[in-house]
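Biologist: Pick one part of this model and take me through it slowly, please. I'd like the backbone oddities and the ligand surroundings in one go.

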Amino acid sequence: MAALRILVPVKRVIDYAVKPRVNKAQTAIETSGVKHSMNPFDELSIEESVRIREKKSYPHGVDEIIAFSIGPPKSVDTLRTAMAMGADRSIFVETKEGEEVEPLAVGKVIRELVKREGINLVVCGKQSIDDDAGQTGQIVAGLMGWGAATQASKVSFGEKGVEVEKEVDGGTETVRSQLPMVITTDLRLNEPRYASLPNIMKAKKKKIDKISAEELGVSLERRLKTLKVIEPPPRQGGGKVDDVDGMIAKLKELGAI
Amino acid sequence: MASRSRVALVLRRTRISTAPSTNPLRPLSQIRWQSTATTEDAEGVAQGTTGTSKTIKFTSETYPEIKRDSKFAEITEDHVKFFKEFLGKEASVIDGVTKDATDDIEPFNGDWMRKYRGHTKLVLKPGSTQEVSKILKYCNDNMLAVVPQGGNTGLVGGSVPVFDEIVINMSRMNQIRSFDDVSGALVVDAGAILEVVDGYLAERGNIFPLDLGAKGSCQIGGNVATNAGGLRLLRYGSLHGSVLGIEAVLPDGTIVDDLSKLRKNNTGYDLKQLFVGAEGTIGIITGVSILCPQRSKAVNVAFLGLESYEKVQQAFKAAKGQLSEILSAFELMDNQSQDLVQQVTKNKRPLESEHPFYCLIETSGSNSEHDNEKLQSFLEDVMEKEIVTDGVVAENETQVRNLWGWREGIPECLGHWGGVYKYDLSIPISELYSLVEETREKVAKAGLMGDTDEHPVVDVVGYGHMGDSNLHLNVATRRYDKKVEKELEPFVYEWISKRNGSISAEHGLGLAKKAFIGYSRSDTMIALMKQIKKLYDPKGIMNPYKYI
Ligand SMILES: Cc1cc2nc3c(=O)[nH]c(=O)nc-3n(C[C@H](O)[C@H](O)[C@H](O)COP(=O)(O)OP(=O)(O)OC[C@H]3O[C@@H](n4cnc5c(N)ncnc54)[C@H](O)[C@@H]3O)c2cc1C
């Protein structure tokens, strides 16, 4: 059996601690001047891949962990973070600022990379928190004819194949699949590490190969058009009352009692 | 949009987060007193906070040498009736005089450290400057002693009564009065909570020029009354610089209206400065006008491990030199402090291996690329020169908050075992840490420190605002014990005095440091201060038994 060759797709998104705001034209989310970070689910994917290597949990070892991103020029930062966390090298497909690529196109790009790089395991987040599409992993599996174990909360390698646990209402569900396969990651899977200084410095020397979608023979043309983006209706502000009497008066005023 | 997954993530993070939860302190000063405190949060820092305030010893028992001043009148039903009549609302008067209100009053009697506890039977919560004025005038006329109280997070026992002083709690005056987004001048009621105010400013692209671990509870009035320093003094300077104006009420009811919004105003004595750091001894602050800088768009945080205090100093020097204008915090923590935080929170430490010292460096600027580049080259430099042994850089907001948690969570975690002897000291930077080492040795030699219950002391730790030469020497204990106090005092104060340091860098004097001011101030200075006190509070009703 061959060692693992893992591909981890990562995406640069608005930091999840930042409250997103809709632009004036109501066509998209305001992104300029807003803090961006790696999609949190992708952090889990990198972490898990690095742990598989460190803990030697796959008997034939890990040959290479490749981070991949498709996005605007600044996505390079996200790839550097991925490499500081432990990915060996990166592949980058650059798009124009503001150009959103649909999951199917991303899936096709990944398919081409999987073939070129001899990948036998794709570990990706179950969704990215910006568009919440939640499709990429499954699309890749479909295009490749591989198994897809989604929303992993635990990954282990047994005699009979790769076992993946997922949390379901009131319990866990365990599935088993053979390599090559796709795993999508969920929050309970692990606790991503901080990028350490020595590793950040090492990551600077790691390679980022740039390649265009055309070179891979994939069209990034969109099939969907965003018509409108609107904020949820603002919450009605609450009021404070001083005491029980105040509350009763207020409830009466509102006709609630 | 991604709101659902964002929420899910937030929830998730609170369960797995690698540091004290993002905002460990918000409800603390309240929940401390409730029996639910122990079950509050399986992993939060509040966990394990023991018992209720009833277990705190009365200050009057701990310090029997302090006697109630007989010049003060005892509170009568008539007094209470007067207050009730004009304060109107039931909730503005917590009356333990005409009925038993022990449970309601306890949170106002006991302090955050669980070290001081008073005997008050009356808490007043005025809702306006006029009400404050009326209360004080009445108290002054009737010789009733009072304690102004903000968020009650003060660390020197200044915010709680010693005997039966009336607590004047400012929490109902919590409105933001105005904000000028051109000048940055904010006018706010004294009782507004720091974190709420900063949230308001954040939405407008500004920042409050002060930040500290107790932000979820402490009030602007309390901050100004203690001249709090906090985490970003290095960047935004002291409140003596940023406070533009003050509205305050003197004991005789006079309203001092000096709510200037001007940056510059050289017309006579700058009297507002007297209220900054007066700890409620000359009047009650009711409103504050303060200059709030632009909030930095780009904030980066690095957490470093170092092998000696020597290296910490080198790192500080390098940070000042290379990060200069974007450096916004440089905080020091020793390994002992981090060890105790870990024991309490059970969180995973940011660095793989342990180091004798840690520094948290924060940069704030307007251009993230520029800042990143600077920070990266600084970090590379200190790694290459082997000043720093290891370190991590926050890659996202959550990591920023979690790393800060390892610094901000220290005071709270140290209280986990029972009590903390706290010394907040200004020391020449080269000698800053020697005091911690000497104190640790002294306490160990006296046989007071150990892992088991017969030893009162858990550990002696040092941390603080390195950027301001401000050390927090903290002795975490299982119980307050005179034997421990004897080892520490006057040893610490003498040590400081020999080096011309300050025995209270930012926490103030309160009750805890009153007796020791002579170690940092000359007789002449103290005499001048007493003149000020006499001038503004001739009858001495304001926060008696404390300060000078
Ligand atoms: C976890 C933690 C971290 C802290 N970190 C720092 C820090 O980094 N830097 C620092 O400097 N301090 C720090 N402190 C202590 C700091 O002094 C207080 O947190 C804060 O400034 C006090 O505000 P408060 O509203 O709680 O005031 P209180 O504790 O209620 O009162 C403090 C003093 O001010 C007086 N006072 C309060 N309000 C008024 C008013 N309106 N008018 C007149 N007098 C008033 C009181 O009588 C008392 O003497 C910390 C405290 C905690 C618990």
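**A bend in the loop, then the ligand**

Modeller: Pro490(B) sits in the loop that links helix 18 (482-488) to helix 19 (491-498) of chain B (helices are DSSP runs of H or I with at least four residues, strands are E runs of at least two, both numbered from the N terminus). Keep in mind that this is a predicted model, where local features need pLDDT of at least 70, side-chain atom pairs need 80 or more, and totals for chains, interfaces and linings use all residues. Residues count from 1 along each chain as written, chains are lettered from A and ligands numbered from 1 in the order written, and side-chain values use heavy atoms, without hydrogens or water.

Back to that loop: the peptide bond from Glu489(B) to Pro490(B) is cis, with omega about 5°. Chain A has a cis bond too, between Leu179(A) and Pro180(A), at an omega of about -5°; Pro180(A) falls in the loop between strand 9 (171-177) and strand 10 (181-185) of that chain. Most peptide bonds are trans, and most non-glycine residues have a negative phi. Lys56(A), not a glycine, has a positive phi of about 50°.

Now the ligand. Of the 35 residues around it (a heavy atom within 4 Å), those coming nearest are Pro148(B), Gly150(B), Gly151(B), Thr153(B) and Gly154(B). For polar contacts (N or O pairs within 3.5 Å), a backbone N or O of Gly151(B) is 2.7 Å from a ligand oxygen, and one of Gln219(B) is 2.8 Å from a ligand oxygen. Asn543(B) brings a polar side-chain atom to 3.2 Å from a ligand oxygen. Alone, the ligand would expose 970 Å², and the protein buries 98% of that (Shrake-Rupley, 1.4 Å probe).

The ligand sits in the largest cavity (points on a 1 Å grid over the protein atoms alone where a 1.4 Å probe fits but cannot get out; sitting there takes more than half its atoms within 2 Å of those points). In chain B, strand 3 (146-149), helix 8 (220-226) and strand 9 (284-291) are the elements giving two or more residues to the shell, with helix 8 supplying the largest share, 5 residues. The shell splits into 13 nonpolar, 20 polar and 2 charged residues (Asp, Glu, Lys and Arg are charged; Ala, Val, Leu, Ile, Met, Phe, Trp, Tyr, Cys and Pro nonpolar; the others, Gly among them, polar). Domain 2 (176-291) and domain 3 (417-512) of chain B both contribute to this shell, so the ligand lies between them (bounds from an automatic or database assignment).

Terms used
A polar contact is a pair of N or O atoms within 3.5 Å; within protein, one must be able to donate a hydrogen and the other to accept it, and residues adjacent in sequence count only if both atoms are side-chain atoms. On a 1 Å grid over the protein atoms alone, a cavity is a set of points where a 1.4 Å probe fits but cannot get out, and a pocket is an open set with protein on both sides within 12 Å along at least five of seven lines; lining residues have an atom within 4 Å of a point.
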